[in-house]
Structure formats: structure tokens, C-alpha cells
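Open the structure in your viewer and keep the selection panel at hand. The stops below each name what to select and then what is there.

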Amino acid sequence: MDQLMQRFAADYAADQDKLSGKGDDQSSIHYPAVFLFIGDKSAGAIEPIMKINHGKWDNSAGVMYFHVGTGAVEPGAAPQSGASAKLDALNGGLRLGQENPDGSPQSELRLSRFVMAPCPAANDAKTLRKELYQSFYRNEEQLYGLNCALRQLSYNIADYGRLYSSFDRIHLSVITRVDDPLNVFIPEITLLAKSIFSQSFKSVQMDLYVLISEREQMEAFGYGSSAGVAFLRELDLMQSPDFSFSAKLHVTEDGLSIPVTHHSAPLFDLVYVLSDKNERGISAASGMQGNNEIICHLSLLKNRKQKENHYEMNTGGYNNTSFKNNIMAESGRQGYVSAGFSHVKRPNESIALAVLYHFYSGLLRRMRRLPDWGMKEKLSFFGLDPASVTERAGRIVPDGAKIAEMTGMMTHPVSYSSLKRMTIREAEEALFGGGCEAYFHGNYVQEAAHRLQKLEAGEGLRDWIRTRLNESSGASIFGIAEWTDERNAGSVLEAVQSRIRDLSAHLDSERTQLAGYYEERVEEQPFPKRPLMEKHNVRSFIRYFFETVYQRKLELLLLETELGLYRHYEVELERVHSEYKQKVLVLEELQDTLLNTARASIRTADDYIGQNIMEYYGVVTEELMCDVESRRGEGIFFDERYMGSFTELLDEGRKRILARLIEVCRKELLEADALDQTFEEELLNRANVTTDYNNRQVLSKEELFKKLYRTLEENAVINVRLLEYTQEHRYEEKYFFGDAESEFIRYAKSADETSRIYKLGVVHEKRSSGVEKLNMMGGFHLEDLMYYRNGRVYYETYVQNGYEFHGIETERLPELR
């Protein structure tokens with residue numbers, strides 16, 4: 001049941017995301033961009049980042065992705081190693097593409113992989129990073145292959161020059177995991193790439209994204225933390241103002257080497273440190289996916305093509321130079337940066353589950369809305385009105401034809417002069433002995449009893465009720481349960497019991513009258529008599545006797561049979577009540593399940609505000625149901641084309657009811673125009689829902705905006721843990737990505753305006769699907785990182801025990817802080 005509901009909600013949300021995103025503007029990047037992933041541990045970020053960029057950048061087809069690893073590539077990618085990584089080999093990289101509605105391919109995204117040659121000391125953790133670094137320089141063939149691969153990458157970028165506004169600069173984003181051993185030669189790979197790209201571009205702007213996954217370091221926390229601190233120590237060197245570098249990294253096809261140099265300056269424009277734990281120490285539920293979003297949005301912020309409209313003039317756009325200046329310490333030491341990201345969109349899963357609940361509740365309300373029937377109509381519905389039961393009893397008891405046949409029974413020789421002084425009982429005994437009673441019992445009483453038993457009145461009643469429920473009478477399962485409850489005044493069971501009492505009294509009266517009649521004398525009876533005609537008078541009495549006495553006995557048998565039927569119905573009505581009461585409980589339990597599932601979805605929707613969802617969609621769903629009924633007739637939802645018979649659905653179980661409910665809800669309600677709303681429209685409509693004044697769960701528009709603003713801020717908390725008391729300088733900038741014309745963005749720009757101590761900007765994008773927020777914080781240093789502080793003790797211990805983490809001389813590295 002739970003899986004069925006979750007799949008329904010997820011499918012609806014996925015479809016809505018596709019539809020709502022179609023009206024969104026895509027941003028464009030201004031300069032060409034390359035994402036360089038270094039190390040096997042960064043490979044998991046490649047596809048998510050490609051997909052995010054593809055969905056948000058209209059010129060994403062020209063973005064290049066390059067991965068340097070040891071061979072642990074994803075399925076479908078073509079690895080290259082050494083000198084084999086030449087021009088033709090690199091064209092075989094993984095290509096991810098989508099199709100247009102007509103089936104034609106869209107612009108492709110490109111990923112190339114370069115596989116490092118195996119390191120002889122790969123199994124020796126003590127010297128792994130050092131040996132990797134040294135083998136990089138020893139293997140000339142591999143270095144030549146890397147040259148070829150990066151040169152091919154540069155050529156590929158040139159093929160997409162028409163997609164960019166300018167080809168003067170290229171943005172190179174380097175992504176690595178802090179504990180990946182391959183980051184030991186980040187300066188070499190990065191500067192070689194910069195040198196090659198500089199032959200095609202006037203400038204190369206390089207940023208580094210350092211990913212920290214504390215969750216994945218749980219098993220090897222000692223060595224992993226040591227390797228991470230070793231890299232951070234090297235990073236401190238790379239980002240120092242006097243960092244310089246020179247190595248023969250350029251290799252030609254003739255084996256000639258050319259130096260690549262870097263003069264005194266930080267290696268990267270900015271370094272971003274992103275962890276799977278935020279600054280509150282809380283692990284991200286989505287793992288590293290939030291950091292993938294951050295990387296894409298930071299890349300866009302720094303390299304966005306400005307749109308030609310008035311929004312760009314006053315929305316506080318990003319200024320990279322200003323940001324760098326603000327995160328620089330007075331000593332001139334460059335600070336590091338972290339960020340947080342949050343987004344809101346229509347809570348489609350919660351909407352789907354709320355509408356499903358309200359649709360089902362609306363059906364139950366209609367089923368509880370019983371017709372205003374008196375007892376006569378109720379008894380008629382159950383087939384228990386006196387006329388119907390009498391007619392049914394008449395079909396059970398044989399007809400009176402055999403009564404007439406009894407006149408031909410053999411009689412004992414008795415004169416009329418003897419008979420006339422007898423009572424009717426004595427006369428019957430004298431004429432027939434026990435023959436008449438035996439004949440009537442065998443042909444009527446036993447036959448009626450056999451037919452009554454064969455009829456199985458209970459099964460007939462239940463089948464009758466199911467048939468009547470399928471008719472458009474207005475009755476329902478709830479009506480059956482209520483009308484058969486003897487505790488309710490005016491219940492059918494009470495009427496049947498009253499009928500049993502009346503019939504029993506009437507039958508007793510009739511039996512008493514018949515017994516009294518048996519005691520009357522023959523000569524007093526009004527049958528034709530002729531003087532001196534003994535035989536004629538005897539035959540006349542016999543005819544009269546059967547027509548009178550046994551006809552009355554037949555009428556008594558009909559009454560007894562009718563009483564028997566009612567007693568059967570009394571028992572069966574109690575069983576029917578128990579059965580339909582259970583059906584009602586099943587229906588109500590399903591309603592509770594739907595309600596709890598909808599509420600749980602709203603509570604756990606971290607990316608959205610859940611207030612007013614149940615109230616608003618309760619109103620919307622009822623309006624939609626009434627609209628369908630006005631066009632197609634009252635009771636249409638119980639037609640076979642819609643829900644059909646709930647009695648039959650209950651026979652198949654709750655899961656079948658839910659499956660049918662989902663099918664009808666999806667087709668008839670969720671596809672309605674009233675639910676086809678943008679994020680902003682849906683938000684405002686929910687804010688304006690009118691409910692009971694005393695309902696404190698319903699928020700006004702301003703309250704909803706305020707809560708949404710606060711939720712966006714709380715969810716965009718910075719993704720790194722810092723020792724706040726050591727951080728000398730903290731500088732923040734915050735950006736909304738959304739429609740600058742929307743009411744919420746206008747509210748957000750003015751909120752906290754007088755007390756704001758950070759820069760707030762808006763990246764205007766015409767979009768209907770939602771709003772995103774990117775918080776940037778810079779100015780901290782490595783010694784402020786909790787990860788660095790916690791890992792330092794491991795690093796020092798491992799070094800003291802003979803571990804060598806660095807390829808360069810340790811003396812060149814900054815002192816541990």
C-alpha cells in the first residue's frame with residue numbers, strides 16, 4: 001500500500017517537473033567552460049553535474065568534462081591510457097544526450113577520460129601519494145598522452161565557439177576529493193591544462209572545488225584524514241601569494257619537453273571547500289548531491305551571460321573581484337570559500353497525496369449522504385416489505401390444487417346421521433382416520449420446509465443487497481451498516497423484529513380460531529343438506545370440510561412460512577450488519593492511511609513549506625468533483641467507468657481500491673486545468689485559501705512568504721564545519737535564482753533590508769518551476785576547518801610512523817597551523 005502511494009506521488013511529481021520546467025528560461029554561460037575531475041573519488045560527481053548543467057544552461061552542449069583517474073570508470077565510458085590517448089581515442093568518450101519530441105538528438109554533452117598508468121607502489125599506502133607523484137614525472141609516454149588528451153579537449157572546445165558570447169577567456173573548474181591520492185599532482189595537471197588552453201584563449205580562470213565526504217571516510221578514518229590534511233597542507237602552498245612553479249610538462253610528438261611555469265601568485269582564482277556536513281554539524285540527507293548543485297550554480301554565477309533587460313541593472317549581480325577582496329585578510333592571505341544551496345518548487349508529491357486523500361474523502365462523504373427514506377422505502381430496498389415477503393412465501397408453499405384432490409381420498413363408511421352429531425375433529429377421524437393430516441403434512445408442510453431450507457434466505461438477501469447497491473438508488477455500504485444496526489431508531493432489523501411479533505400474534509390467533517372451529521358440530525356447518533339423502537350429505541360435508549378446514553390450514557402454513565422467512569432475515573440482517581460494519585471500518589482505515597501518508601509527505605518535504613496544503617487542496621478537490629458531477633451527472637464517480645462498485649472492490653481488498661482510486665484521481669482530477677499552476681500561482685493560491693477564522697494552521701500570504709524565506713535560508717546553510725572562534729573574518733553574499741518580477745522575489749529583496757549585513761543579489765531567470773538560493777561565505781582558512789583540526793593528529797601520527805604523503809620536499813610546505 002505504502003509503495004503504491006509513494007510510486008503514484010513520485011510519478012506525478014516527475015511528470016509535473018517535466019511540464020513545469022518547459023516554461024523556464026535557461027541561462028547561458030558567457031565564456032567556454034571545462035570541468036576537470038581529478039581522482040577516482042570525484043567520478044561520482046561527473047554525471048550529476050553534467051545533468052544539472054544540461055538542464056539549466058542553454059549552451060551546455062559546448063561544456064567539456066575531463067576526468068583523470070586510475071581506470072575505475074563508469075560503464076559506457078572509453079578509457080584511454082598513455083600514448084594511446086591521441087586524437088582519435090578521445091572522440092570515443094562517454095556521450096550523454098536526449099532526444100527532441102520528434103526523435104532527433106539534441107546537442108551532445110562531452111566527457112573524456114584519461115586513465116593513469118598503474119603505479120608500482122599502488123598497494124603500499126605508506127608511500128602511495130609520493131610514488132604517484134614521482135611516477136608521473138618518470139613516465140614520459142603517459143605525460144605525452146596527457147598532453148594529447150588536453151590538446152584534443154582544447155580543439156573540441158573550439159568546435160563549439162558559436163555557442164559562446166566571447167572566446168577571450170575559458171573557465172576551468174577543477175574538482176577533487178580531499179582524500180583522493182591523485183590530487184597530489186593537481187598543480188601539474190592544472191598548469192598543463194592552463195598552458196595548453198592559453199594557446200587558444202587570452203586568459204584562463206581556474207577555480208578549485210575540494211569535496212570532503214566524512215561519511216565515506218568512516219572505515220578508513222585514520223589514513224583518509226591524514227591524506228586529506230596532507231592535501232590541504234599542499235593547498236595552502238598553492239594558494240600562497242608567492243607560490244611559483246616550473247616543470248617540463250609540455251611534451252611534443254618528438255619527445256621534446258618544454259617548461260610550464262607559474263609565477264608568484266595563488267594557483268587558483270578561488271578555492272571552494274564543500275563537505276557532506278554543514279556548519280551545524282548535520283549530515284546532508286542527499287549526500288554530495290547538494291554540493292553538485294552548488295558547483296553548477298557557482299560556475300554559472302561567475303560565468304553568466306548578462307541578459308539585455310532592466311533586471312540586470314538593479315538586482316545586485318555578482319562581482320568576482322569585489323568578492324575576492326572582501327575575503328582577503330589584512331595580511332594579504334587569501335581566504336577560502338564555502339557555500340550552501342536550497343531550492344523550492346511546487347510540492348508535487350504532497351499535492352498528489354493530498355488530492356488523493358481529499359478525493360477519497362469526498363467519495364466517502366457522498367456514500368454517507370443517505371437518501372431520506374421512511375421505513376417503507378427501506379424495507380422495499382432490502383426486499384423485506386410485507387408484499388415481497390408474502391409473495392416469496394407463496395412461492396415456497398405449494399398451491400391449493402392438491403387440496404381439491406383430497407376430496408377423492410378413501411373414507412370409512414359412516415352415515416350422515418352419525419356424523420351430524422360429531423364435532424368436526426371427530427368427523428375427520430371417523431371418515432379419514434389420520435389420512436388427511438398425513439397427506440397435508442407430506443404434500444404441504446414437508447415440501448414447504450424443504451423449499452425454505454433450499455432457498456437459503458441469507459445468501460439470497462446478501463445477493464439482493466449487492467444487486468440493489470449497484471443500482472443508482474443512493475444507498476451505499478454506509479447505509480446498509482446504519483440501517484441494519486438495531487441500536488438505531490428506525491432500523492430495518494427493528495422493523496423485521498416488529499413484523500415477527502405481529503405475525504406470531506396473528507398466527508396464534510388463527511390457530512386458536514381453527515382449534516375452536518374443530519370443536520363445532522357438523523350439523524351446524526353451512527354446507528348443502530338434503531333430507532333423507534345420507535350419501536349426498538356425507539359427500540357435501542366432505543367437500544365443505546376440505547375447502548374450509550384445510551384451506552385454512554394452508555393459509556396458516558403460508559403465515560408460518562412467512563414468519564420463518566422473517567426469522568431467517570432477522571438472523572441474516574445481524575450478519576449483514578456485522579459484514580457491512582467491517583466494510584465501513586476498512587474504508588475508514590484506508591481514509592486514515594491516506595491522511596497519514598499525505599501529512600507525512602508534507603512534514604518531510606524539506607524543500608518546501610507545507611502549510612495550507614491540506615486546506616487548499618481540500619477546497620480545490622471538492623470543486624473539481626462537483627464540476628465533473630455537474631457535467632456528467634450526480635453519482636458519476638460510482639459508475640463503472642470511474643470507481644465502480646465499492647462492494648466488488650472490497651472483495652478484492654484495500655490494495656485494489658487504492659489502485660482504482662489512484663487511476664481515477666490521476667485521470668479525472670490531477671490532469672485538470674485547475675491544478676496546472678506555476679510555482680508562484682500555486683503558492684499565492686495556497687496563501688489566499690479561505691477557511692475558518694479560528695484555524696491557526698492556515699497562513700496568510702505574508703506569513704507564508706516569511707516562512708518560505710526563512711526555510712530557504714535555513715536549508716542553504718554553509719556546507720563546511722568551522723571553528724567559529726578562530727575565524728577572524730567572515731564575509732557573505734547570497735543570491736536568489738528566480739523571476740525578479742515575482743511577488744516572492746520582491747518580498748525576499750525587501751526582507752531584513754535594514755538589518756542585512758551581507759550582500760543580496762538576484763539572478764533573474766523567467767521560471768515557473770520554483771526558486772533557488774545560493775549562500776556564499778568566504779574568509780576562513782584551513783586552520784578554521786574542523787576537518788583539518790580533527791585530522792591533524794592523525795596526519796602527524798602517521799608521519800611519525802613512516803608514512804610519506806608528499807611528492808615535493810616537506811620543507812617547501814607551510815608549517816602546520
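Which residue forms a salt bridge with Lys583? Select Glu579: the closest N and O atoms of Lys583 and Glu579 are 3.8 Å apart. A salt bridge here is a side-chain nitrogen of Lys or Arg within 4 Å of a carboxyl oxygen of Asp or Glu.

This is a predicted model, in which local features need pLDDT of at least 70, side-chain atom pairs count only at pLDDT 80 or more, and totals for chains, interfaces and linings use all residues. Residues are numbered from 1 along each chain as its sequence is written, and side-chain values use heavy atoms, with hydrogens and water left out.

Stay with helix α20 (residues 534-604), where Lys583 and Glu579 lie 4 residues apart, about one turn of the helix. Helices are DSSP runs of H or I of at least four residues, numbered from the N terminus. Lys583 is buried at 10% relative accessibility, while Glu579 is partly exposed at 28%. Buried means under 20% relative accessible area, exposed over 50%, and partly exposed in between, with a 1.4 Å probe and protein chains only.

Next, select Asp508 and Arg511 in helix α19 (residues 492-518), which are 3 residues apart and so separated by about one helical turn. Their salt bridge has its closest N and O atoms 3.8 Å apart. Asp508 is partly exposed at 43%, and Arg511 is partly exposed at 37%.

Move to Arg666 and Glu671, whose side chains meet in a salt bridge of 3.4 Å, N to O. Arg666 is buried, with a relative accessible area of 19%. For a network of salt bridges, select Asp207, Asp269, Lys302 and Lys324. The whole structure holds 46 salt bridges.

Now show helix α10 (residues 348-368) with helix α21 (residues 613-632): their axes come within 9 Å and cross at roughly 55°. Axes are lines fitted to C-alpha atoms over the stretch in contact, and angles run from 0 to 180 degrees between N-to-C directions. The two helices are therefore oblique to each other; that word covers angles not under 35 degrees (roughly parallel), over 145 (roughly antiparallel) or 65 to 115 (roughly perpendicular).

Among the residues making the contact (heavy atoms within 4.5 Å) are Tyr357 and Phe359 of α10 and Tyr617 and Met625 of α21.

Last, select Asn325 in helix α9 (residues 320-326). Asn325 is exposed at 51% relative accessibility. Add Gly779: Asn325 and Gly779 are 454 residues apart in sequence and 9.7 Å apart in space, C-alpha to C-alpha.
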